[in-house]
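Please walk through this protein with its sequence and model open side by side. The account begins with how its elements are named and then moves from the sheet to the helices and the pockets.

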Amino acid sequence: MMIIDKNKLYEVYSISDDSFTVGKFIYRDDSIYVFKAFDELGREAGIYTFKKDMVRSFLSDTEYLKKMEVCIRYWEDKNIQNVAMDGIDSETSVENILDYITSSKVIATIMTYSDEDIYTGFVSREGTSFVNIECIDMSNAGIFAKKEIEIENICFIEFNSVENDVLLYAYNQLNN
């Protein structure tokens with residue numbers, strides 16, 4: 001089993017494509033990895049949760065990550081948004097993350113095993129095995145579809161992300 005250092009930066013490669021995400025681990029257990037992701041400029045981008053079987057590999061101590069560490073330090077004394085998992089009081093699990101997203105009324109991004117689509121929008125729960133997501137159209141910040149997703153079919157969740165917070169702001173400004 002790989003030893004993960006929570007203070008270390010990693011390139012996280014998923015099985016779905018050849019790209020990777022840069023992040024620092026917040027939590028892991030037998031089924032999920034949760035980490036704080038950074039964008040290509042070293043800014044905090046969001047909290048990403050991957051089911052373990054969706055992760056192909058991790059790299060550390062690469063030349064790219066050395067550059068990213070410098071970029072991340074650049075933002076330390078700037079007044080930019082920080083992302084965190086504040087509000088998840090109990091154990092960290094896909095179900096508890098979904099409960100947090102639902103109660104916080106934030107926009108989240110969800111990917112499932114069965115779809116190649118990624119759904120971004122407001123998540124609600126009416127039972128224990130499904131979530132509903134009101135999908136937001138990125139071009140106009142309006143709701144364009146509703147989708148029911150089986151929880152056990154969820155393989156990736158992005159929440160508390162800067163991108164989704166900006167989309168929420170646009171949604172609220174244009175629809176309230």
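Helices and strands here are DSSP runs, with at least four residues for a helix and at least two for a strand, and they are numbered from the N terminus. The model is a predicted one. With that naming in hand, a first local feature can be placed: just after H2, Lys-105 takes a positive phi of about 55°.

The framework to keep in view is an open sheet of ten strands, ordered E5-E1-E2-E3-E4-E10-E6-E7-E8-E9 and paired in the antiparallel sense. Its edges are formed by strand E5 (55-59) and strand E9 (143-150), each of which pairs on one side only. Direction ignored, neighbouring strands of this sheet are turned by 40° against each other on average.

At one end of that order, E1 is joined to E2 by four bridges, with the two strands running antiparallel, and together they form a hairpin that has five residues between its strands. Within this pairing, Tyr-13 stands opposite Phe-20 in E2. E1 also pairs with E5, again in the antiparallel sense and over four bridges, and there the bridge partner of Glu-11 is Leu-59 in E5. At the other end, strand E8 (residues 130-136) pairs with E9 over seven bridges in the antiparallel sense, and Cys-135 has Ala-145 in E9 as its bridge partner.

How are the residues of E1 divided between its two covered faces? In a regular strand the side chains alternate between the two faces of the sheet. Tyr-10, Val-12 and Ser-14 lie on one side of E1, Glu-11 and Tyr-13 lie on the other, and all of them are buried. In terms of the whole strand, E1 is mostly covered, with five of its five residues buried.

Thr-21, which lies in strand E2, carries this picture on to the next strand. Thr-21 counts as buried because its relative accessibility is 18%, where the cut-off for buried is under 20%. Leaving aside residues up to four places away in sequence, Thr-21 touches Tyr-10, Glu-11, Val-12, Phe-35, Ala-37 and Tyr-48.

Against the sheet, H1 lies across E1, E2, E3 and E5 and runs at about 70° to E2. Arg-73 has its place in this helix, and its relative accessible area of 48% makes Arg-73 partly exposed. Between the C-alpha atoms of Arg-73 and Phe-35 there are 18 Å in space, while 38 residues separate the two in sequence.

Helix H2 (residues 94-104) has as its buried residues Val-94, Asn-96, Ile-97, Leu-98, Tyr-100 and Ile-101. An α-helix has 3.6 residues a turn, so residues three or four places apart point the same way. What covers the buried residues of H2 includes E3, E4, E6, E7, E8 and E10.

Two loop residues deserve a look alongside Lys-105. Asp-61, in the loop between E5 and H1, has a positive phi of about 60° although it is not a glycine. Asn-160, in the loop between E10 and H3, has a positive phi of about 50° and is likewise not a glycine. As for their surroundings, Asp-61 is exposed, with a relative accessible area of 53%, whereas Asn-160 counts as buried at 11% relative accessibility.

Which residues lie nearest the centre of the largest pocket? They are Phe-20, Thr-21, Tyr-48, Phe-156 and Glu-158, out of 27 residues that line it. This pocket has a volume of about 540 Å³. Among the elements that give two or more residues to its lining are strand E1 (10-14), strand E2 (20-28), helix H1 (63-75) and helix H3 (162-175). By class, the lining of the largest pocket comprises 14 nonpolar, eight polar and five charged residues.

The second largest pocket holds about 160 Å³ of space. Its lining includes Lys-24, Lys-36, Phe-38, Arg-43, Ile-72 and Trp-75, and the elements that give two or more residues to this lining are strand E3 (32-38) and H1. The residues lining the second largest pocket divide into four nonpolar, three polar and five charged.

Technical notes: Residues are numbered from 1 along each chain as its sequence is written. This is a predicted model: local features need pLDDT of at least 70, side-chain atom pairs count only at pLDDT 80 or more; totals for chains, interfaces and linings use all residues. Side-chain values use heavy atoms; hydrogens and water are left out. On a 1 Å grid over the protein atoms alone, a cavity is a set of points where a 1.4 Å probe fits but cannot get out, and a pocket is an open set with protein on both sides within 12 Å along at least five of seven lines; lining residues have an atom within 4 Å of a point. Grid points are joined across faces, edges and corners, and a volume is the space filled by probe spheres set on the points. Ala, Val, Leu, Ile, Met, Phe, Trp, Tyr, Cys and Pro count as nonpolar, Asp, Glu, Lys and Arg as charged, and the others, Gly among them, as polar. Two strands pair if DSSP finds at least two bridges between them. Axes are lines fitted to C-alpha atoms, for helices over the stretch in contact, and angles run from 0 to 180 degrees between N-to-C directions. Contact means heavy atoms within 4.5 Å. Buried means under 20% relative accessible area, exposed over 50%, partly exposed in between (1.4 Å probe, protein chains only).
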